[in-house]
2 protein chains.
Amino acid sequence: MKHATLTPEELHAVYLFSGLNENQLQAMLETAYSIELAPREILFEAGQSAGHFYLLRSGQIKLFSLSDSGDEKVVEIIYPGETFAEAITFMTQHNYPVSAEAISASEVISFDMNVFRRLLEESRETCMRLMADMSRRLRKRIAEINNLTLHNATYRLVVYLLEQIPPGVVELPEIHLGTPKSVIASRLSIQPETFSRILGKLARQKLIRVHQNTITLLDVDGLRALL
Amino acid sequence: MKHATLTPEELHAVYLFSGLNENQLQAMLETAYSIELAPREILFEAGQSAGHFYLLRSGQIKLFSLSDSGDEKVVEIIYPGETFAEAITFMTQHNYPVSAEAISASEVISFDMNVFRRLLEESRETCMRLMADMSRRLRKRIAEINNLTLHNATYRLVVYLLEQIPPGVVELPEIHLGTPKSVIASRLSIQPETFSRILGKLARQKLIRVHQNTITLLDVDGLRALL
DNA sequence: AGCCGGCTTTGACCCAGGTCAACTCGGCGT
DNA sequence: ACGCCGAGTTGACCTGGGTCAAAGCCGGCT
(Lines give C-alpha, C1' and ligand atoms only; values in the text may rest on other atoms or scores of the structure.)
Protein backbone atom coordinates (compact mmCIF):
# COMPACT_ATOMS: atom_id res chain seq x y z
CA MET A 1 0.00 0.00 0.00
CA LYS A 2 1.53 3.23 -1.16
CA HIS A 3 0.38 6.73 -1.92
CA ALA A 4 -1.34 6.78 -5.27
CA THR A 5 -1.04 9.23 -8.10
CA LEU A 6 -3.92 9.28 -10.53
CA THR A 7 -3.66 10.31 -14.14
CA PRO A 8 -5.88 13.19 -15.23
CA GLU A 9 -7.92 10.71 -17.31
CA GLU A 10 -8.54 8.56 -14.28
CA LEU A 11 -9.57 11.54 -12.25
CA HIS A 12 -11.89 12.68 -14.93
CA ALA A 13 -13.57 9.28 -14.90
CA VAL A 14 -14.43 9.65 -11.24
CA TYR A 15 -17.59 11.61 -11.84
CA LEU A 16 -18.00 12.04 -8.09
CA PHE A 17 -15.06 14.39 -8.06
CA SER A 18 -16.10 16.53 -10.98
CA GLY A 19 -17.85 19.05 -8.75
CA LEU A 20 -14.77 19.68 -6.62
CA ASN A 21 -12.50 22.68 -6.99
CA GLU A 22 -8.70 22.45 -7.08
CA ASN A 23 -8.21 22.59 -3.33
CA GLN A 24 -10.86 20.02 -2.64
CA LEU A 25 -9.60 17.69 -5.29
CA GLN A 26 -6.14 18.04 -3.84
CA ALA A 27 -7.46 17.16 -0.40
CA MET A 28 -9.04 14.00 -1.71
CA LEU A 29 -5.94 13.01 -3.63
CA GLU A 30 -3.84 13.33 -0.54
CA THR A 31 -5.89 10.57 1.04
CA ALA A 32 -5.54 8.30 -2.00
CA TYR A 33 -3.64 5.09 -1.47
CA SER A 34 -3.07 2.26 -3.87
CA ILE A 35 -3.82 -1.26 -2.70
CA GLU A 36 -2.78 -4.36 -4.58
CA LEU A 37 -5.00 -7.37 -4.11
CA ALA A 38 -4.17 -10.95 -4.98
CA PRO A 39 -6.95 -13.16 -6.36
CA ARG A 40 -9.40 -14.09 -3.57
CA GLU A 41 -7.90 -11.49 -1.29
CA ILE A 42 -10.47 -9.71 0.83
CA LEU A 43 -10.65 -5.90 0.79
CA PHE A 44 -13.27 -5.53 3.52
CA GLU A 45 -15.92 -7.60 5.19
CA ALA A 46 -19.57 -6.90 5.83
CA GLY A 47 -20.04 -5.22 9.18
CA GLN A 48 -16.60 -3.67 9.32
CA SER A 49 -16.57 -0.02 10.15
CA ALA A 50 -16.33 1.88 6.87
CA GLY A 51 -13.54 4.41 6.73
CA HIS A 52 -12.79 4.34 3.02
CA PHE A 53 -14.40 4.14 -0.34
CA TYR A 54 -12.72 2.81 -3.44
CA LEU A 55 -11.96 3.20 -7.09
CA LEU A 56 -11.06 0.05 -8.98
CA ARG A 57 -8.11 0.67 -11.25
CA SER A 58 -7.62 -2.83 -12.63
CA GLY A 59 -8.88 -6.34 -12.04
CA GLN A 60 -12.30 -7.30 -10.73
CA ILE A 61 -13.98 -7.13 -7.35
CA LYS A 62 -17.08 -8.91 -6.19
CA LEU A 63 -19.35 -7.47 -3.55
CA PHE A 64 -21.22 -10.23 -1.76
CA SER A 65 -23.17 -11.30 1.29
CA LEU A 66 -22.87 -14.52 3.22
CA SER A 67 -25.73 -16.32 4.88
CA ASP A 68 -24.88 -17.75 8.28
CA SER A 69 -24.91 -21.19 6.66
CA GLY A 70 -22.06 -19.98 4.48
CA ASP A 71 -23.91 -19.54 1.20
CA GLU A 72 -22.64 -16.66 -0.87
CA LYS A 73 -24.66 -14.20 -2.93
CA VAL A 74 -22.76 -11.86 -5.22
CA VAL A 75 -24.59 -8.55 -5.10
CA GLU A 76 -22.46 -6.73 -7.61
CA ILE A 77 -19.36 -7.15 -9.73
CA ILE A 78 -17.11 -4.11 -9.95
CA TYR A 79 -15.13 -3.37 -13.12
CA PRO A 80 -12.19 -0.98 -13.65
CA GLY A 81 -13.09 2.70 -13.47
CA GLU A 82 -16.00 2.13 -11.12
CA THR A 83 -16.14 3.42 -7.58
CA PHE A 84 -17.78 1.46 -4.81
CA ALA A 85 -18.83 1.87 -1.19
CA GLU A 86 -19.35 5.62 -1.56
CA ALA A 87 -23.03 5.36 -0.86
CA ILE A 88 -22.62 4.19 2.71
CA THR A 89 -21.04 7.49 3.62
CA PHE A 90 -24.34 8.47 5.15
CA MET A 91 -25.22 5.38 7.05
CA THR A 92 -26.14 6.17 10.58
CA GLN A 93 -23.79 3.39 11.55
CA HIS A 94 -20.91 3.55 9.16
CA ASN A 95 -20.23 -0.04 8.35
CA TYR A 96 -20.07 -1.93 5.09
CA PRO A 97 -23.29 -3.76 4.23
CA VAL A 98 -21.46 -6.31 2.06
CA SER A 99 -18.02 -7.87 1.76
CA ALA A 100 -15.55 -7.18 -1.04
CA GLU A 101 -13.11 -9.70 -2.46
CA ALA A 102 -10.83 -9.58 -5.48
CA ILE A 103 -11.85 -12.04 -8.21
CA SER A 104 -8.57 -11.63 -10.03
CA ALA A 105 -5.43 -9.67 -9.14
CA SER A 106 -6.62 -6.11 -8.72
CA GLU A 107 -5.49 -2.64 -7.86
CA VAL A 108 -7.82 -0.36 -5.99
CA ILE A 109 -7.37 3.23 -4.90
CA SER A 110 -8.74 3.95 -1.46
CA PHE A 111 -10.05 7.37 -0.43
CA ASP A 112 -10.80 8.67 3.01
CA MET A 113 -14.49 8.72 3.74
CA ASN A 114 -14.33 11.40 6.43
CA VAL A 115 -12.46 13.84 4.23
CA PHE A 116 -14.95 13.18 1.48
CA ARG A 117 -17.85 13.70 3.82
CA ARG A 118 -16.41 17.05 4.84
CA LEU A 119 -16.03 18.12 1.22
CA LEU A 120 -19.58 17.06 0.60
CA GLU A 121 -20.71 19.73 3.02
CA GLU A 122 -18.92 22.33 0.97
CA SER A 123 -19.72 21.22 -2.52
CA ARG A 124 -23.35 21.41 -3.48
CA GLU A 125 -22.49 19.98 -6.85
CA THR A 126 -20.85 16.85 -5.52
CA CYS A 127 -23.73 16.42 -3.14
CA MET A 128 -26.19 16.44 -6.02
CA ARG A 129 -24.04 14.08 -7.98
CA LEU A 130 -23.84 11.59 -5.14
CA MET A 131 -27.58 11.76 -4.65
CA ALA A 132 -28.23 11.14 -8.33
CA ASP A 133 -25.93 8.19 -8.10
CA MET A 134 -27.62 6.77 -5.03
CA SER A 135 -30.97 7.28 -6.67
CA ARG A 136 -29.79 5.29 -9.66
CA ARG A 137 -28.52 2.51 -7.45
CA LEU A 138 -31.76 2.40 -5.55
CA ARG A 139 -33.66 1.97 -8.77
CA LYS A 140 -31.25 -0.72 -9.88
CA ARG A 141 -31.89 -2.64 -6.69
CA ILE A 142 -35.64 -2.41 -7.16
CA ALA A 143 -35.23 -3.71 -10.69
CA GLU A 144 -33.15 -6.53 -9.26
CA ILE A 145 -35.83 -7.44 -6.76
CA ASN A 146 -38.39 -7.51 -9.55
CA ASN A 147 -36.13 -9.76 -11.54
CA LEU A 148 -35.71 -12.16 -8.67
CA THR A 149 -39.36 -12.37 -7.73
CA LEU A 150 -41.13 -11.93 -11.04
CA HIS A 151 -38.85 -13.81 -13.40
CA ASN A 152 -37.19 -17.21 -13.64
CA ALA A 153 -33.57 -18.19 -14.05
CA THR A 154 -33.63 -18.39 -17.85
CA TYR A 155 -35.18 -14.93 -18.06
CA ARG A 156 -32.52 -13.46 -15.79
CA LEU A 157 -29.72 -15.09 -17.73
CA VAL A 158 -31.06 -13.92 -21.09
CA VAL A 159 -31.43 -10.37 -19.76
CA TYR A 160 -27.84 -10.55 -18.64
CA LEU A 161 -26.64 -11.76 -22.02
CA LEU A 162 -28.52 -9.05 -23.87
CA GLU A 163 -27.09 -6.44 -21.51
CA GLN A 164 -23.58 -7.59 -22.37
CA ILE A 165 -23.91 -6.92 -26.09
CA PRO A 166 -21.11 -4.44 -26.91
CA PRO A 167 -22.64 -1.15 -28.03
CA GLY A 168 -22.85 -0.73 -31.80
CA VAL A 169 -22.60 -4.41 -32.63
CA VAL A 170 -25.53 -5.68 -34.67
CA GLU A 171 -24.37 -8.86 -36.36
CA LEU A 172 -23.75 -11.95 -34.25
CA PRO A 173 -22.60 -10.23 -31.08
CA GLU A 174 -19.93 -12.08 -29.18
CA ILE A 175 -19.70 -11.88 -25.44
CA HIS A 176 -16.47 -12.60 -23.63
CA LEU A 177 -17.07 -13.49 -20.04
CA GLY A 178 -14.20 -11.89 -18.23
CA THR A 179 -15.52 -13.29 -14.99
CA PRO A 180 -15.78 -16.91 -13.79
CA LYS A 181 -19.16 -18.35 -14.69
CA SER A 182 -19.78 -19.33 -11.11
CA VAL A 183 -19.51 -15.68 -10.05
CA ILE A 184 -21.88 -14.52 -12.76
CA ALA A 185 -24.25 -17.30 -11.73
CA SER A 186 -24.25 -16.10 -8.15
CA ARG A 187 -24.74 -12.51 -9.29
CA LEU A 188 -27.87 -13.76 -11.10
CA SER A 189 -28.88 -15.90 -8.12
CA ILE A 190 -28.52 -19.12 -10.05
CA GLN A 191 -26.58 -22.24 -9.08
CA PRO A 192 -23.50 -22.92 -11.29
CA GLU A 193 -25.04 -26.23 -12.40
CA THR A 194 -28.26 -24.55 -13.43
CA PHE A 195 -26.34 -21.78 -15.17
CA SER A 196 -24.50 -24.35 -17.23
CA ARG A 197 -27.69 -26.24 -18.03
CA ILE A 198 -29.52 -23.12 -19.21
CA LEU A 199 -26.61 -22.21 -21.45
CA GLY A 200 -26.78 -25.72 -22.82
CA LYS A 201 -30.50 -25.45 -23.41
CA LEU A 202 -30.16 -22.13 -25.26
CA ALA A 203 -27.36 -23.59 -27.37
CA ARG A 204 -29.52 -26.61 -28.24
CA GLN A 205 -32.21 -24.16 -29.36
CA LYS A 206 -29.60 -22.56 -31.64
CA LEU A 207 -30.07 -19.21 -29.93
CA ILE A 208 -26.46 -19.01 -28.80
CA ARG A 209 -23.19 -20.82 -29.27
CA VAL A 210 -20.95 -21.38 -26.28
CA HIS A 211 -17.21 -21.71 -26.61
CA GLN A 212 -15.62 -21.72 -23.19
CA ASN A 213 -15.83 -18.12 -22.10
CA THR A 214 -17.10 -16.81 -25.40
CA ILE A 215 -20.80 -16.76 -26.11
CA THR A 216 -22.06 -15.90 -29.57
CA LEU A 217 -25.61 -14.66 -29.75
CA LEU A 218 -26.86 -16.42 -32.88
CA ASP A 219 -30.40 -15.13 -32.68
CA VAL A 220 -30.85 -11.93 -30.70
CA ASP A 221 -34.50 -11.61 -31.65
CA GLY A 222 -35.14 -15.17 -30.61
CA LEU A 223 -33.58 -14.39 -27.24
CA ARG A 224 -35.65 -11.23 -26.88
CA ALA A 225 -38.74 -13.28 -27.63
CA LEU A 226 -38.09 -15.33 -24.50
CA LEU A 227 -38.61 -12.29 -22.30
CA MET B 1 -58.00 17.43 -3.72
CA LYS B 2 -57.69 20.56 -1.63
CA HIS B 3 -54.95 22.60 -0.11
CA ALA B 4 -53.73 20.85 3.01
CA THR B 5 -52.89 22.26 6.41
CA LEU B 6 -50.61 20.15 8.54
CA THR B 7 -50.57 20.17 12.31
CA PRO B 8 -47.25 21.06 13.94
CA GLU B 9 -46.99 17.45 15.14
CA GLU B 10 -47.37 16.15 11.63
CA LEU B 11 -44.77 18.55 10.35
CA HIS B 12 -42.39 17.55 13.05
CA ALA B 13 -42.78 13.92 12.02
CA VAL B 14 -41.57 14.71 8.52
CA TYR B 15 -37.91 14.47 9.37
CA LEU B 16 -37.04 15.58 5.85
CA PHE B 17 -38.31 19.05 6.65
CA SER B 18 -36.53 19.46 9.93
CA GLY B 19 -33.55 21.14 8.29
CA LEU B 20 -35.66 23.83 6.66
CA ASN B 21 -36.02 27.38 7.96
CA GLU B 22 -39.36 29.18 8.29
CA ASN B 23 -39.41 30.50 4.74
CA GLN B 24 -38.46 27.23 3.21
CA LEU B 25 -40.96 25.32 5.25
CA GLN B 26 -43.62 27.80 4.20
CA ALA B 27 -42.68 27.29 0.57
CA MET B 28 -43.12 23.55 0.89
CA LEU B 29 -46.42 23.89 2.70
CA GLU B 30 -47.79 26.03 -0.04
CA THR B 31 -47.38 23.14 -2.43
CA ALA B 32 -49.12 20.72 -0.06
CA TYR B 33 -52.39 19.26 -1.26
CA SER B 34 -54.54 16.65 0.36
CA ILE B 35 -55.68 13.71 -1.74
CA GLU B 36 -58.35 11.25 -0.65
CA LEU B 37 -58.00 7.77 -2.06
CA ALA B 38 -60.67 5.09 -2.08
CA PRO B 39 -59.60 1.47 -1.54
CA ARG B 40 -57.81 0.15 -4.66
CA GLU B 41 -57.52 3.63 -6.06
CA ILE B 42 -54.24 4.27 -7.83
CA LEU B 43 -52.08 7.23 -6.84
CA PHE B 44 -49.46 6.86 -9.55
CA GLU B 45 -48.19 4.21 -11.89
CA ALA B 46 -44.69 3.02 -12.62
CA GLY B 47 -43.14 5.00 -15.44
CA GLN B 48 -45.22 8.12 -14.90
CA SER B 49 -43.23 11.28 -14.74
CA ALA B 50 -42.68 12.11 -11.09
CA GLY B 51 -43.71 15.61 -10.09
CA HIS B 52 -44.68 14.98 -6.49
CA PHE B 53 -43.68 13.09 -3.43
CA TYR B 54 -46.04 12.11 -0.66
CA LEU B 55 -46.75 11.88 3.03
CA LEU B 56 -49.33 9.32 4.09
CA ARG B 57 -51.68 10.79 6.67
CA SER B 58 -54.05 7.86 7.13
CA GLY B 59 -54.79 4.52 5.56
CA GLN B 60 -52.30 2.27 3.78
CA ILE B 61 -50.54 2.39 0.44
CA LYS B 62 -48.76 -0.40 -1.37
CA LEU B 63 -45.87 0.24 -3.72
CA PHE B 64 -45.63 -2.52 -6.28
CA SER B 65 -44.30 -3.64 -9.63
CA LEU B 66 -46.11 -5.61 -12.29
CA SER B 67 -44.52 -8.16 -14.57
CA ASP B 68 -45.73 -8.01 -18.14
CA SER B 69 -47.62 -11.21 -17.46
CA GLY B 70 -49.58 -9.31 -14.85
CA ASP B 71 -48.02 -10.75 -11.69
CA GLU B 72 -47.74 -8.27 -8.88
CA LYS B 73 -44.89 -7.86 -6.43
CA VAL B 74 -45.44 -5.55 -3.47
CA VAL B 75 -42.14 -3.80 -2.89
CA GLU B 76 -43.15 -1.84 0.17
CA ILE B 77 -46.16 -1.09 2.33
CA ILE B 78 -46.48 2.52 3.49
CA TYR B 79 -48.02 3.35 6.89
CA PRO B 80 -49.29 6.68 8.23
CA GLY B 81 -46.55 9.22 8.96
CA GLU B 82 -44.24 7.83 6.32
CA THR B 83 -43.15 9.72 3.23
CA PHE B 84 -42.57 7.99 -0.06
CA ALA B 85 -41.20 8.70 -3.51
CA GLU B 86 -38.81 11.37 -2.21
CA ALA B 87 -35.77 9.40 -3.22
CA ILE B 88 -36.46 9.58 -6.95
CA THR B 89 -36.03 13.33 -6.83
CA PHE B 90 -32.63 12.77 -8.29
CA MET B 91 -33.36 10.25 -10.93
CA THR B 92 -31.86 11.29 -14.21
CA GLN B 93 -35.21 10.54 -15.75
CA HIS B 94 -37.75 11.59 -13.16
CA ASN B 95 -40.31 8.85 -13.31
CA TYR B 96 -41.68 6.57 -10.65
CA PRO B 97 -40.00 3.18 -10.54
CA VAL B 98 -43.07 1.52 -8.98
CA SER B 99 -46.82 2.00 -8.83
CA ALA B 100 -48.76 3.14 -5.75
CA GLU B 101 -52.27 2.02 -4.87
CA ALA B 102 -54.36 2.54 -1.75
CA ILE B 103 -55.00 -0.68 0.16
CA SER B 104 -57.70 0.92 2.28
CA ALA B 105 -59.25 4.39 2.16
CA SER B 106 -56.32 6.75 2.58
CA GLU B 107 -55.38 10.38 2.73
CA VAL B 108 -52.05 11.47 1.35
CA ILE B 109 -50.46 14.89 1.27
CA SER B 110 -48.65 15.64 -1.95
CA PHE B 111 -45.67 17.98 -2.16
CA ASP B 112 -44.09 19.54 -5.18
CA MET B 113 -40.90 17.83 -6.17
CA ASN B 114 -39.42 20.79 -8.05
CA VAL B 115 -39.84 23.15 -5.15
CA PHE B 116 -38.29 20.59 -2.87
CA ARG B 117 -35.39 20.08 -5.20
CA ARG B 118 -34.76 23.81 -5.20
CA LEU B 119 -34.80 23.94 -1.42
CA LEU B 120 -32.41 21.07 -1.36
CA GLU B 121 -29.87 23.26 -3.09
CA GLU B 122 -30.15 25.78 -0.29
CA SER B 123 -30.34 23.53 2.73
CA ARG B 124 -27.25 21.55 3.39
CA GLU B 125 -28.95 19.96 6.35
CA THR B 126 -31.92 18.64 4.37
CA CYS B 127 -29.53 17.40 1.75
CA MET B 128 -27.65 15.38 4.31
CA ARG B 129 -30.85 14.07 5.75
CA LEU B 130 -32.14 12.90 2.40
CA MET B 131 -28.83 11.22 1.68
CA ALA B 132 -28.88 9.44 4.99
CA ASP B 133 -32.38 8.29 4.20
CA MET B 134 -31.48 7.05 0.75
CA SER B 135 -28.49 5.30 2.20
CA ARG B 136 -30.77 3.53 4.66
CA ARG B 137 -33.14 2.51 1.91
CA LEU B 138 -30.33 1.20 -0.19
CA ARG B 139 -29.19 -0.96 2.67
CA LYS B 140 -32.73 -2.16 3.24
CA ARG B 141 -32.96 -3.23 -0.38
CA ILE B 142 -29.71 -5.13 -0.14
CA ALA B 143 -30.99 -6.88 2.96
CA GLU B 144 -34.14 -7.72 1.04
CA ILE B 145 -32.16 -9.21 -1.82
CA ASN B 146 -30.22 -11.32 0.65
CA ASN B 147 -33.47 -12.48 2.18
CA LEU B 148 -34.88 -13.47 -1.17
CA THR B 149 -31.84 -15.31 -2.40
CA LEU B 150 -30.33 -16.73 0.75
CA HIS B 151 -33.42 -17.68 2.76
CA ASN B 152 -36.63 -19.63 2.23
CA ALA B 153 -40.25 -18.61 2.65
CA THR B 154 -40.58 -19.76 6.27
CA TYR B 155 -37.48 -17.81 7.24
CA ARG B 156 -38.81 -14.66 5.61
CA LEU B 157 -42.17 -15.01 7.26
CA VAL B 158 -40.69 -15.61 10.70
CA VAL B 159 -38.42 -12.60 10.29
CA TYR B 160 -41.48 -10.56 9.42
CA LEU B 161 -43.40 -11.78 12.46
CA LEU B 162 -40.52 -11.03 14.80
CA GLU B 163 -40.20 -7.55 13.32
CA GLN B 164 -43.84 -6.87 14.08
CA ILE B 165 -43.49 -7.43 17.81
CA PRO B 166 -44.63 -4.18 19.44
CA PRO B 167 -41.70 -2.58 21.27
CA GLY B 168 -41.60 -3.30 24.98
CA VAL B 169 -43.78 -6.39 24.86
CA VAL B 170 -42.10 -9.45 26.28
CA GLU B 171 -44.86 -11.88 27.19
CA LEU B 172 -46.88 -13.51 24.40
CA PRO B 173 -46.70 -10.71 21.87
CA GLU B 174 -49.81 -10.33 19.75
CA ILE B 175 -49.61 -9.11 16.22
CA HIS B 176 -52.59 -7.56 14.52
CA LEU B 177 -52.27 -7.69 10.78
CA GLY B 178 -53.74 -4.41 9.68
CA THR B 179 -53.07 -5.40 6.11
CA PRO B 180 -54.64 -8.16 3.99
CA LYS B 181 -52.63 -11.35 4.22
CA SER B 182 -52.34 -11.54 0.48
CA VAL B 183 -50.57 -8.17 0.42
CA ILE B 184 -48.17 -9.19 3.16
CA ALA B 185 -47.55 -12.41 1.28
CA SER B 186 -46.65 -10.52 -1.86
CA ARG B 187 -44.43 -8.17 0.13
CA LEU B 188 -42.57 -11.28 1.33
CA SER B 189 -42.60 -12.79 -2.16
CA ILE B 190 -44.72 -15.72 -1.08
CA GLN B 191 -47.91 -17.02 -2.67
CA PRO B 192 -51.06 -16.53 -0.53
CA GLU B 193 -51.55 -20.30 -0.40
CA THR B 194 -48.02 -20.87 0.80
CA PHE B 195 -48.35 -18.05 3.31
CA SER B 196 -51.40 -19.71 4.77
CA ARG B 197 -49.74 -23.12 4.85
CA ILE B 198 -46.65 -21.81 6.64
CA LEU B 199 -48.82 -20.11 9.24
CA GLY B 200 -50.63 -23.42 9.68
CA LYS B 201 -47.35 -25.29 10.05
CA LEU B 202 -46.05 -22.88 12.69
CA ALA B 203 -49.37 -23.15 14.54
CA ARG B 204 -49.17 -26.96 14.50
CA GLN B 205 -45.70 -26.66 16.00
CA LYS B 206 -47.25 -24.55 18.77
CA LEU B 207 -44.97 -21.64 17.96
CA ILE B 208 -47.84 -19.29 17.15
CA ARG B 209 -51.61 -19.17 17.38
CA VAL B 210 -53.58 -17.71 14.50
CA HIS B 211 -56.97 -16.10 15.01
CA GLN B 212 -58.05 -14.43 11.81
CA ASN B 213 -55.91 -11.32 11.67
CA THR B 214 -54.39 -11.75 15.10
CA ILE B 215 -51.28 -13.82 15.54
CA THR B 216 -50.01 -14.66 19.00
CA LEU B 217 -46.36 -15.56 19.24
CA LEU B 218 -46.46 -18.44 21.72
CA ASP B 219 -42.76 -19.19 21.61
CA VAL B 220 -40.56 -16.32 20.50
CA ASP B 221 -37.36 -18.21 21.25
CA GLY B 222 -38.62 -21.16 19.29
CA LEU B 223 -39.27 -18.87 16.35
CA ARG B 224 -35.84 -17.28 16.66
CA ALA B 225 -34.35 -20.75 16.65
CA LEU B 226 -35.71 -21.30 13.15
CA LEU B 227 -33.50 -18.56 11.75
C1' DA C 1 5.47 -34.42 -20.40
C1' DG C 2 2.73 -35.34 -16.60
C1' DC C 3 0.25 -34.06 -12.55
C1' DC C 4 -2.59 -31.28 -9.77
C1' DG C 5 -6.36 -28.25 -8.53
C1' DG C 6 -10.01 -25.35 -9.71
C1' DC C 7 -13.62 -24.59 -12.70
C1' DT C 8 -17.35 -26.45 -15.50
C1' DT C 9 -20.39 -29.85 -17.15
C1' DT C 10 -23.51 -33.80 -16.89
C1' DG C 11 -26.55 -37.10 -14.76
C1' DA C 12 -29.76 -38.67 -11.19
C1' DC C 13 -32.59 -37.37 -7.77
C1' DC C 14 -35.41 -34.50 -4.74
C1' DC C 15 -38.19 -30.99 -2.61
C1' DA C 16 -39.88 -26.18 -1.59
C1' DG C 17 -43.10 -23.84 -3.20
C1' DG C 18 -46.04 -22.66 -7.20
C1' DT C 19 -50.54 -23.77 -9.66
C1' DC C 20 -55.29 -25.12 -10.06
C1' DA C 21 -59.53 -26.02 -8.18
C1' DA C 22 -62.78 -26.68 -4.70
C1' DC C 23 -64.46 -25.24 -0.36
C1' DT C 24 -65.11 -22.25 3.86
C1' DC C 25 -65.95 -18.22 6.13
C1' DG C 26 -67.06 -13.58 7.54
C1' DG C 27 -68.92 -9.09 6.18
C1' DC C 28 -72.20 -6.41 3.67
C1' DG C 29 -76.10 -4.89 1.17
C1' DT C 30 -81.01 -5.58 0.25
C1' DA D 1 -82.32 -13.45 7.08
C1' DC D 2 -80.48 -14.48 2.98
C1' DG D 3 -77.35 -14.53 -0.72
C1' DC D 4 -73.33 -12.81 -2.58
C1' DC D 5 -68.55 -11.72 -2.93
C1' DG D 6 -63.88 -11.50 -1.99
C1' DA D 7 -60.47 -13.16 1.04
C1' DG D 8 -58.47 -17.15 3.09
C1' DT D 9 -57.75 -22.08 3.50
C1' DT D 10 -57.00 -26.80 2.08
C1' DG D 11 -55.94 -30.60 -0.93
C1' DA D 12 -53.83 -32.68 -5.01
C1' DC D 13 -50.54 -32.19 -8.15
C1' DC D 14 -46.49 -30.52 -10.69
C1' DT D 15 -42.09 -28.52 -11.78
C1' DG D 16 -38.04 -25.29 -11.71
C1' DG D 17 -34.18 -25.46 -10.01
C1' DG D 18 -31.40 -26.96 -6.01
C1' DT D 19 -28.31 -30.84 -4.23
C1' DC D 20 -25.01 -34.51 -4.51
C1' DA D 21 -21.74 -37.06 -6.86
C1' DA D 22 -18.93 -38.17 -10.62
C1' DA D 23 -16.55 -37.01 -14.58
C1' DG D 24 -14.35 -33.77 -17.96
C1' DC D 25 -11.35 -30.02 -19.03
C1' DC D 26 -7.87 -26.71 -18.97
C1' DG D 27 -4.04 -24.07 -17.39
C1' DG D 28 -0.14 -23.72 -14.44
C1' DC D 29 3.78 -25.84 -12.13
C1' DT D 30 7.50 -29.12 -11.45
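Trainee: What makes the relation between chain B and chain A a two-fold axis?

Mentor: In this predicted model, a rotation of 180° with 0.0 Å of shift along its axis superposes chain B on chain A, with an RMSD of 0.1 Å, the fit being by least squares on the C-alpha atoms of residues with pLDDT of at least 70 in both copies. That is the relation of a two-fold axis, and Leu138(B) is the residue of chain B that comes closest to the rotation axis, at 2.8 Å (C-alpha).

Trainee: How do you know that the copies meet through the same surface?

Mentor: Of the interface residues of chain B, 95% are also interface residues in chain A, so the copies meet through the same surface.

Trainee: Why is Ala132(B) called partly exposed?

Mentor: Its relative accessible area is 24%, and because buried means under 20% and exposed over 50%, with partly exposed in between (1.4 Å probe, protein chains only), Ala132(B) is partly exposed.

Trainee: What makes the pair formed by Arg197(B) and DNA strand D a polar contact?

Mentor: An N or O atom in the side chain of Arg197(B) is 3.0 Å from a base nitrogen of DNA strand D, and a polar contact is a pair of N or O atoms within 3.5 Å (within protein, one must be able to donate a hydrogen and the other to accept it, and residues adjacent in sequence count only if both atoms are side-chain atoms). Similarly, a polar side-chain atom of Glu193(A) lies 3.2 Å from a base nitrogen of DNA strand D.

Mentor: Residues are numbered from 1 along each chain as its sequence is written, and chains are lettered from A in the order in which they are written. Local features need pLDDT of at least 70, side-chain atom pairs count only at pLDDT 80 or more, totals for chains, interfaces and linings use all residues, and side-chain values use heavy atoms, with hydrogens and water left out.

How values were computed: Contact means heavy atoms within 4.5 Å.
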